Amino acid sequence: MRLATPAGGVTPNGSVARNVISGAIDPSKKVDSPERVAELDEYVRTTLKAHEPGMSPLSPIRVSRRMTRTLGSYRPDKRQIALSSRLLAFGETEHVEAVLLHETAHAITHHRDEKASSHGRLFKSVCRELGVESKRFVNVPIGAWGSRQRYVFTCPVCHSALARKRLVRIARCKCGTRLAVQRAARVAVDDGGRVVRVEGYARPRGGG
Ligand SMILES: [Zn+2]
Ligand SMILES: [Zn+2]
């Protein structure tokens, strides 16, 4: 089973202009939307069914905005995988899958032996079973993420959605309005400048 790749999102009126994003942010594109979390949970459930059928289902995946350096984690006490919202917004499907499999390997390892060391022998053999690298860190090229990140906010006068590479406090809209940015959606765009994922919302420092 593969996770779906982000839908190419042509906006309702088809605009792909570089600094203007048309239409409202689609809530289903949020990285922690119920649809997206269900899809991730299903990926884990299918993996467990194939490799550890006797194991009861894990708690629903938690999407964390605070995980900036760590891409994923597993908490045995809660039987819960957490994933970084940045990974889900900016990561390629194969990298999301690799991190999910790594954390699922932790869950299976803990299920087989509660005392097994976290990246030890048993973990490595579980990783081989799942067909994922058994290294401590999943190799994800996060350096490329910045170029796909935009901050999107709406002009209060003409209601255009404006996109900037940085979270600015003040922006000038093409309609001539000079506006103070109160809140912006942090999104991932594809090569055509279309929004493929919404990571969350941010407020400029000192703004508002
Ligand atoms: Zn690990
Ligand atoms: Zn405007």
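**Helix faces and a small set of strands**

Me: The buried residues of α4 pack against α3. What makes a residue of α4 count as buried?

Reply: First, a word on the source: this is a predicted model, in which local features need pLDDT of at least 70 and side-chain atom pairs count only at pLDDT 80 or more, while totals for chains, interfaces and linings use all residues. Residues are numbered from 1 along each chain as its sequence is written, chains are lettered from A and ligands numbered from 1 in the order in which they are written. Now, buried means that 20 or more other C-beta atoms, placed from the backbone, lie within 10 Å of a residue's own; 12 or fewer makes it exposed, and in between it is partly exposed. In helix α4 (residues 121-130), F123, V126 and C127 are buried.

Me: How do you know where the buried residues of α4 sit around its axis?

Reply: Taking directions from the helix axis to the C-beta atoms, the buried residues of α4 fall within an arc of 105°, so they line one face. R121 and R128 are exposed, on the face turned away from that buried side. Just after α4, G131 has a positive phi of about 70°.

Me: Why are 93-112 called a helix, and what does helix α3 lie across?

Reply: Helices are DSSP runs of H or I with at least four residues, and strands are runs of E with at least two, numbered from the N terminus; residues 93-112 therefore form helix α3. Helix α3 lies across β3 and β4, where contact means C-beta atoms, placed from the backbone, within 7 Å. Helix α3 runs at about 20° to β3; axes are lines fitted to C-alpha atoms (for helices, over the stretch in contact), with angles from 0 to 180 degrees between N-to-C directions.

Me: What makes β2 and β4 a pair?

Reply: Pairing needs at least two bridges found by DSSP, and β2 and β4 have 3, in the parallel sense, so they qualify. R62 has A82 as its bridge partner in β4, and S64 stands opposite S84.

Me: How do β3 and β4 pair?

Reply: They do so in the antiparallel sense, over 4 bridges, with G72 opposite L83 in β4. The two form a hairpin with 4 residues between them, and R79 in the turn has a positive phi of about 50°.

Me: Why are β2 and β3 at the edges?

Reply: The open sheet has the order β2-β4-β3 with mixed pairing. β2 (62-64) and β3 (72-75) each have a single partner strand, so one side of each lacks a neighbour in the sheet. The twist averages 25° from one strand to the next.
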